[in-house]
Every structure is written in C-alpha cells, then in structure tokens.
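Visitor: I would like a close look at a single part of this structure, followed by its surroundings. Please pick one part and keep to what the coordinates give.

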Amino acid sequence: MSENTPAVRRALIVVDVQPTFCEGGELGVEGGNAVAQRIADHARDHRDAYDLVVTTQDWHVDPGEHWSPEPDFVDTWPPHGIAGSPNAELHPALAGLAPDAGVKKGEYQAAYSGFEGVDVGGRPLADLLRDAGIEAVDVVGIAESHCVRATALDAHALGLATRVLTDLTVPVTPELGAAAREELAAAGVALEPSTAVGR
C-alpha cells in the first residue's frame with residue numbers, strides 16, 4: 001500500500017462470546033472458554049488494526065419456538081442467552097475489551113445474525129458500521145456454525161469485505177463447522193487465521 005492509499009476502515013465483530021455458550025453454560029460449546037480468551041488476547045494485541053470493535057449478545061426474553069423443552073438442536077434449543085442473567089453477559093475474559101459498541105439480539109425471536117441486533121439506542125449493527133465508515137470486518141466468536149456464520153454472511157451481503165478468523169471461533173460440532181466454512185467460502189467470505197491481521 002502506498003502512502004497515498006487510504007487505509008481500509010476495519011471493524012472487529014465479536015459474536016456472542018457469552019458464558020451461556022461456553023463450557024458450563026446452558027448451551028455450552030466445547031472450546032468456548034479457550035476461544036473467549038484467545039479473542040481477548042487478539043483484541044488487546046491488535047486494537048490498532050481496528051477502527052471499531054463491536055460485540056453482539058444473544059439476549060432472549062421470550063423468543064417463542066426458538067426455545068423448547070424438547071429441543072431438536074436444529075431449529076429449537078434449550079433456554080439460553082436469558083436476558084439479564086449472568087450467563088448472558090459478555091464472557092469474563094472480555095472484561096478488558098472496552099468495545100466501542102455492543103448490540104443485543106433476539107429478545108422476541110431467534111436472531112442468529114448480529115445484524116438482527118440493536119445497540120442501547122436502538123441502532124442496528126449495519127448503521128453502526130456505516131456511520132463509522134467501516135469497509136471491512138473481521139468476524140470472531142461463538143459459534144462458528146451458527147451465529148458467526150450468519151453474521152459473516154450478512155456482512156458480506158452488505159458489501160463489506162468480510163473474513164472469519166478461523167482460530168478465533170469454534171463450532172457446535174466439527175461437522176457443522178466444516179459445513180459452515182464451505183458455505184462461507186462459497187459465498188466469498190475469506191477464512192484466515194488471526195495471524196493475517198496487520199499484514
């Protein structure tokens with residue numbers, strides 16, 4: 001990049017890194033706690049690579065059929081991301097993250113994508129990114145096969161240069177993770193390790 005080329009304005013989107021999705025949580029994913037710490041370390045070490053850091057949280061009040069006493073783990077799930085509960089807060093590993101913005105999603109619906117969420121002022125994620133002049137996003141978080149996948153696909157559909165940092169996410173199962181990566185790659189989302197940041 002020449003000194004006359006303006007730098008691309010990039011955001012880090014941290015998707016649903018909450019205890020509810022980590023070991024011991026209501027819908028825990030194996031490796032969740034470890035990936036939460038890796039994301040915290042990455043954000044600390046590469047904060048200057050990002051013009052905006054945004055978190056998303058599942059924040060369910062009454063999401064209807066998304067919750068079920070007999071979940072099929074495809075369309076229905078045990079109660080999780082319960083609004084106001086400790087497990088719905090950001091993971092303790094992110095205590096020092098100091099995000100520029102945060103959105104909560106799914107009060108009364110399923111809401112897999114972070115782009116279905118709004119901040120405390122009611123602004124959708126897409127507006128937050130646009131208002132900050134963001135052109136590219138790195139998507140990380142839990143789970144790769146579900147909310148990370150949906151968020152990255154929506155970012156790409158909005159015309160943002162989108163990449164998923166593959167070592168900073170974890171799928172519900174290896175098989176679902178492989179399927180998600182195949183879908184993302186086919187859509188044009190870049191799949192790169194976090195070591196690519198800053199290069």
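Guide: What follows starts from one helix and works outward to the loops around the chain. The model is predicted, and the part chosen is helix 3, residues 144-157.

The approach to this helix has an unusual link. Strand 4 covers residues 136-142, and Ala 143 lies in the loop between strand 4 and helix 3. Ile 142 and Ala 143 are joined by a cis peptide bond, with omega about -5°. Most peptide bonds are trans, and most residues other than glycine have a negative phi. At the other end, just after helix 3, Gly 159 has a positive phi of about 90°.

Between those points, helix 3 is largely enclosed by the rest of the structure, because 10 of its 14 residues are buried. The buried set begins with Glu 144, Ser 145, His 146, Cys 147 and Val 148. It continues with Ala 150, Thr 151, Ala 152, Leu 153 and Ala 155. Polar residues such as Glu 144 and His 146 are thus listed as buried alongside Val 148 and Leu 153. The cover over these buried residues includes strand 1, strand 3, strand 4, strand 5 (161-170) and helix 4 (174-187).

Helix 3 also matters for counting the nonpolar core. The largest core has 24 residues, and Leu 129, Ile 134 and Val 137 have the most contacts inside it. At least two core residues come from each of strand 1, strand 2, strand 3, helix 2, strand 4 and helix 3. Helix 3 gives the largest share, five residues. A second, separate core has 16 residues, including Val 17, Leu 94, Val 140 and Leu 168. In soluble globular proteins, nonpolar side chains tend to be buried together.

Ile 134 shows what one of the well-connected residues of the largest core touches. Leaving out residues up to four places away in sequence, Ile 134 touches Arg 9, Arg 10, Ala 11, Asp 51, Leu 52, Leu 129 and Leu 160. Leu 129, one of those contacts, is itself among the residues with the most contacts inside the core.

The cis bond before helix 3 is not the end of the backbone exceptions. Asp 16, in the loop between strand 1 (10-15) and helix 1 (32-45), has a positive phi of about 50° although it is not a glycine. Asp 16 is buried, with a relative accessible area of 0%. Ala 111 is in the loop between strand 3 (101-105) and helix 2 (125-131). Its phi is near 60°, again positive in a residue other than glycine, and at 4% relative accessibility Ala 111 counts as buried.

The loop between strand 2 (52-58) and strand 3 holds His 91. At 11% relative accessibility, His 91 counts as buried. Its side chain makes a polar contact of 2.7 Å with the side chain of Asn 33. Not counting residues up to four places away in sequence, His 91 touches Val 17, Gln 18, Pro 19, Cys 22, Asn 33 and Ala 36. Val 17 in that list is also a member of the second core.

Thr 76 is likewise placed in the loop between strand 2 and strand 3. Thr 76 counts as buried at 17% relative accessibility, because buried means under 20%. A polar atom of the Thr 76 side chain lies 2.8 Å from the backbone nitrogen of Asp 72. With residues up to four places away in sequence left out, Thr 76 touches Glu 65, His 66, Ser 68, Glu 70 and Pro 71.

Two ring arrangements complete the tour. The structure holds one aromatic pair. Phe 73 and Trp 77 form it edge-to-face, 5.9 Å centre to centre with 90° between the planes. Phe 73 is partly exposed at a relative accessible area of 45%, while Trp 77 counts as buried at 6%. Separately, the charged end of Lys 104 sits over the ring of Trp 59, 3.8 Å from the ring centre.

As for the record, an unreviewed UniProt entry lists residues 11-190 as "domain: Isochorismatase-like". Over residues 11-190 the chain is 27% helix and 19% strand, with the end C-alpha atoms 15 Å apart.

Note on methods:
Residues numbered from 1 in each chain as written. Predicted model: local features only at pLDDT ≥ 70, side-chain atom pairs only at ≥ 80, totals over all residues. Heavy atoms only, no water. Phe/Tyr/Trp six-rings, centres within 6.5 Å; stacked < 30°, edge-to-face > 60°. Buried < 20%, exposed > 50% of the residue type's maximum accessible area, 1.4 Å probe, protein only. Lys NZ or Arg CZ within 6 Å of the ring centre and 35° of its normal. Helix = DSSP H or I, 4+ residues; strand = E, 2+ residues; numbered from the N terminus. Contact = heavy atoms within 4.5 Å. Polar contact = N/O pair within 3.5 Å; in protein donor to acceptor, adjacent residues only side chain to side chain. Core = buried A, V, L, I, M, F, W, Y, C linked by side-chain atoms within 4.5 Å. UniProt positions renumbered as here; feature names shortened; annotations may be inferred.
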